[in-house]
Amino acid sequence: MTDVTPGPRPVDETDLPVVDFHPYRWGDPSHFVTLSERITGALGLVGITTSERPPTPLGELVPPDTGLTAELLDSLREAVGDGSVSTEHDDRTAHANGWSTPDLLRLRGNALVDAPDAVVRPADEAGVESVLRWCGEQRVAVVPFGGGTSVVGGLTAERDGFTGVIALDLAALDRLLDVDAESRILTFEAGTRGPRAEELAAEHGFTIGHFPQSYAGATIGGYAAARSAGQSSAGYGRFDEMVVGLTLVTPRGTIEIGNAPRSAAGPDWRQIVLGSEGAFGVITRVRVRVRPLPETRVFEGWRFADFAAGAAALRRLAQDGPRPTVLRLSDEIETLVNLADPNESLEENPGGCLAIVGFEGTAADVAARREAVTTILRDLGGEELGTAPGEAWREGRFNAPYLRDPLLENGVLIETLETATFWSRLTEVRDAVNTALTTALGDQGTPCIPMCHISHVYETGASLYFTVAAAQAEDPVAQWAVAKTAVNETLLRIGAAPSHHHGIGVDHQGVYTEQLGTLAVEALQAIKQTLDPSGVVNPGILLPRAGH
Ligand SMILES: Cc1cc2nc3c(=O)[nH]c(=O)nc-3n(C[C@H](O)[C@H](O)[C@H](O)COP(=O)(O)OP(=O)(O)OC[C@H]3O[C@@H](n4cnc5c(N)ncnc54)[C@H](O)[C@@H]3O)c2cc1C
């Protein structure tokens, strides 16, 4: 390992500790929150009243008995070597689902039908290799488990036709294996969680610059497997753009990918593994391009008269530069609900759309980009709100998921979804998704607030991220399924991406496979068949099972 002198380490939100999550309450238990009057007031304005929906206490969440015999469990223990195999209720419950709202509602309502039969924690890559071999031989389905933050059903593999299902938890693979400071490449084991990876990078003067909202829980391998995008993607890029190389362990052997920054050696295997969501095997190592830790960071707020004006300003910066590090725009409703100034009452809120514009880098680079961006945004009708809204956003950027738990406990259905499209179709897609949500939920007698923001920008287009809140119906899982189906059908009809960064899992499989077409799906299934002939790795995730 080539070491370098550590650079400055800014003390900020990247110092989040790595903590164990509660099975159905997000994040660090010391940060759990209750509903503020501002939130209940905003919900009340659109007719969403709150009512108590207490969750099933943890101790009462009991998964079905493990389906693996004592003999099979013994041979699994032998295969995993130095790692561990657990059939404890709590462990299996914590690996039963991801973190979509339906996942949480099912757990909270004690509908634990699909907990894995065992949780296996290999100590290293060799352990992963032998567990996958064992699964292939024994026809036991295996779910690669990073941080478990999937919001698309990526952890609920099909059990049908298998001897059992195990969760392969990669938590022990959390080391920084190599530092190539000259090339600015770090090699991480796949189970390294976001804050730990950032801490390890900082010890060498670098930042990965990848800050998804799930940062506290998600892992390097999960970022690659699900093509994650972080909140600073305008400056640092999406995670798939940062990946220089990967190691993929399959039931048939191991594949090493990426030995140069770019290559003309045929199709790029990185692109086959990125976004494969465990369907082709387990990513055990990721080589990531990193950048020097920023000397300076400045975040500011801008107000635009409406969403169209704000979107035009973001497009101008995304296409012609200079690019801020963070660039996002809330629509009118999201701006109203979040309030640009937390001291303003709802009545005082001047409306419009809030953009967050952030800069990170050297002092000179930040000053130059900020000055140029200020001139452009002023010319395009933006109103400068100063650094207060920007810094408030930066400080609270990982807090929103904490709010979901008290909302669910107070009878509010709250969920997010996202897509991407070209600039020329942005308004059409936003309107179509909003209509699908309001119609599908309104038809069930539950008025909703659909909020939207532009979360990631590109030269040719952007991603649209929707948050929707409604009163919970008697069966909120069924209620949301109707809305989600309506949105999926809309995305299929209008030809927008099934997902920009959450991935496919099972929730988006219909739109994904319809858009790809039979030939392309069969080609992907053929790759899976070659790497995983028994079909044991994440069956039914990403791709439908051939012949099922
Ligand atoms: C509150 C919240 C906020 C979120 N915000 C964002 C966001 O801002 N940006 C964003 O991109 N996503 C976001 N997500 C979604 C999620 O965090 C990402 O998809 C993330 O990349 C998943 O990482 P993970 O380690 O938790 O993976 P997991 O959830 O454990 O796994 C995701 C999928 O990949 C597979 N998998 C996991 N690790 C591996 C591996 N090493 N090899 C092969 N397959 C593997 C799993 O089987 C599963 O199918 C959010 C989720 C939540 C709950």
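Where is the place of Pro 322? In this predicted model, Pro 322 sits in the loop between α11 (307-320) and β13 (326-330). The peptide bond that leads into this proline from Gly 321 is cis, with omega near -5°. A second backbone feature worth a look is found at Arg 227, which has a positive phi of about 50° although it is not a glycine. Arg 227 also belongs to a loop, in this case the one between α7 and α8 (233-236).

Helix α7 brings us to the ligand, since α7 gives the most to the shell around the ligand, with 4 residues. Altogether, 36 residues surround the ligand, and the closest are Pro 144, Thr 149, Gly 154, Ser 214 and Thr 219. At least two residues of the shell are supplied by each of β3 (140-145), α7 (220-225) and β10 (282-289). Sorted by class, the shell around the ligand holds 18 nonpolar residues, 17 polar residues and 1 charged residue.

Several polar backbone atoms of the protein can be followed to oxygen atoms of the ligand. For Gly 154, a polar backbone atom is 2.7 Å from an oxygen atom of the ligand. A polar backbone atom of Gly 222 lies 3.1 Å from a ligand oxygen, and for His 501 a backbone N or O atom is found 3.4 Å from an oxygen atom of the ligand. As for the ligand surface, the ligand exposes 960 Å² when taken alone, and the protein buries 97% of that area.

Turning to helix packing, how are α2 and α5 arranged? Helix α2 (residues 70-80) packs with helix α5 (residues 125-138) at an angle of about 150°, and their axes are 8 Å apart. Because angles over 145 degrees count as roughly antiparallel, α2 is roughly antiparallel to α5. On the α2 side, the contact is made by Leu 72, Ser 75, Leu 76, Ala 79 and Val 80. Their partners in α5 are Gly 127, Ser 130, Val 131, Trp 134 and Gln 138. The residues of this contact divide into 6 nonpolar and 4 polar, with no charged residue among them.

Conventions: Residues numbered from 1 in each chain as written. Predicted model: local features only at pLDDT ≥ 70, side-chain atom pairs only at ≥ 80, totals over all residues. Heavy atoms only, no water. Near = heavy atom within 4 Å. Polar contact = N/O pair within 3.5 Å; in protein donor to acceptor, adjacent residues only side chain to side chain. Areas by Shrake-Rupley, 256 points an atom, 1.4 Å probe, with all protein chains shown as cover. Nonpolar A, V, L, I, M, F, W, Y, C, P; charged D, E, K, R; others polar. Axes fitted to C-alpha atoms, helices over the stretch in contact; angles between N-to-C directions. Parallel < 35°, antiparallel > 145°, perpendicular 65-115°, else oblique. Contact = heavy atoms within 4.5 Å.
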